[in-house]
Amino acid sequence: MTGADGSTIRQITTKVVYSNPWMTVREDEVERPDGSRGLYAYIDKPDFVLVMPWENGGFHLVEEYRYPVRRRTWSFPQGSAQASTLEEEARLELAEETGLRAAHWRWLGALDNAHGVATQRMHAYLATGLEAGPPRREHTEQDMRQRWVSRAEFEKMVRAGEVTDSGSVAAYTLLLMSGGLPDS
């Protein structure tokens, strides 16, 4: 039996097993198509934006210590700023993390962040026509660094394992599939 949303797994019960201001962990009792029951635990987390700031044949990246993986990593600016639209959220995140403002925005697409364990989606944007300004980082971003890299250097960093953020690599793929990079 398939539900109205295309599901073949039916939710019997749901409960919150943990919650904080950034995420909720849920545990659902489910019923599979053959009638067997089981548990499905997942993270309910807000969507986020990822911004690819592009100029002069390269990108602006940010680096910070990522506690879950216990190392510093490079990525495109990203986050979940409070805003009325996704593009405005992208504008806020870019300015906050890098100080950059963009004259032109191109939405590249949306991808599920970790569809087996989380409800969260990533919305990727290309930002061009950049103007520098001071960053306004959150207290939790106090160790953040910023750097411009050429497109070739970015690809080298991915191959060398210096950029391991799956959202950044996926957004780059969306960019290449969407008609490629602008001239500037």
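A polar contact is a pair of N or O atoms within 3.5 Å; within protein, one must be able to donate a hydrogen and the other to accept it. Keep that cut-off at hand for the first exercise, and remember throughout that this is a predicted model.

**Exercise 1. Describe the surroundings of Ser80, and decide whether its side chain makes a polar contact with Asp47.**

Solution.
- Begin with the place: Ser80 sits in the loop that runs between β7 (78-79) and α1 (86-98).
- Next, take the accessibility. Ser80 has a value of 37%, so it counts as partly exposed, because that class lies between 20% and 50%.
- Now list the neighbours. Setting aside residues within four places in sequence, Ser80 is in contact with Pro46, Asp47, Phe48, Glu89 and Glu93.
- Finally, test the distance. The Ser80 side chain comes to 3.0 Å from the backbone oxygen of Asp47, and the limit for a polar contact is 3.5 Å. The pair therefore qualifies.

**Exercise 2. Work out the strand order of the open sheet formed by three strands, and find which strands stand at its edges.**

Solution.
- The order is β1-β2-β3, with antiparallel pairing.
- β1 (10-19) and β3 (37-44) each have a single partner strand, so they stand at the edges, and one side of each lacks a neighbour in the sheet.
- On average, and with direction ignored, neighbouring strands here are turned by 20° against each other.
- For a closer look at one pair, follow β2 (residues 24-31), which is joined to β3 by eight bridges. Within this pairing, Val25 faces Ile43 of β3.

**Exercise 3. Locate the largest nonpolar core and name the elements that give two or more residues to it.**

Solution.
- A general expectation helps first: in soluble globular proteins, nonpolar side chains tend to be buried together.
- In this model the largest such core has 20 residues, and Met52, Phe59, Leu61 and Phe154 have the most contacts inside it.
- The elements giving two or more residues are the strands β4 (48-55), β5 (58-66) and β9 (121-131), together with the helices α2 (151-159) and α3 (166-177).
- A second core, separate from this one, holds ten residues, including Val51, Leu100, Ala102 and Ala127.
- To see the packing around one member, centre on Phe59. Among the residues it touches beyond four places in sequence are Met52, Trp54, Phe76, Trp148, Phe154, Tyr172 and Leu181.

**Exercise 4. Compare Ser75 and Gly179: which is buried and which is exposed?**

Solution.
- Ser75 belongs to strand β6 (residues 71-75), while Gly179 is in the segment after α3.
- Ser75 has 4% relative accessibility and is therefore buried; Gly179, with 67%, is exposed.
- Leaving out residues up to four places away in sequence, Ser75 touches Leu61, Val62, Asp165 and Ser168.

**Exercise 5. Place Asn56 and Arg70 in the chain and examine the sign of their phi angles.**

Solution.
- Recall the usual case: most residues other than glycine have a negative phi.
- Asn56 has a positive phi of about 50°, and Arg70 has one near 60°.
- Both places are loops: Asn56 lies between β4 and β5, and Arg70 between β5 and β6.
- Asn56 is exposed at 62% relative accessibility, whereas Arg70 is partly exposed at 48%.

**Exercise 6. Find the residues that UniProt lists for the Nudix hydrolase domain, and describe that stretch of chain.**

Solution.
- The unreviewed UniProt entry gives residues 53-156 for this domain.
- Over residues 53-156 the chain is 18% helix and 46% strand.
- The end C-alpha atoms of this stretch are 18 Å apart.

Note on methods: Residues are numbered from 1 along each chain as its sequence is written. This is a predicted model: local features need pLDDT of at least 70, side-chain atom pairs count only at pLDDT 80 or more; totals for chains, interfaces and linings use all residues. Side-chain values use heavy atoms; hydrogens and water are left out. UniProt positions are given in the numbering used here, feature names are shortened, and annotations may be inferred rather than shown by experiment. Helices (H or I, at least four residues) and strands (E, at least two) are DSSP runs, numbered from the N terminus. Two strands pair if DSSP finds at least two bridges between them. Axes are lines fitted to C-alpha atoms, for helices over the stretch in contact, and angles run from 0 to 180 degrees between N-to-C directions. Buried means under 20% relative accessible area, exposed over 50%, partly exposed in between (1.4 Å probe, protein chains only). Contact means heavy atoms within 4.5 Å. A nonpolar core is a set of buried Ala, Val, Leu, Ile, Met, Phe, Trp, Tyr and Cys residues joined through side-chain atoms within 4.5 Å.
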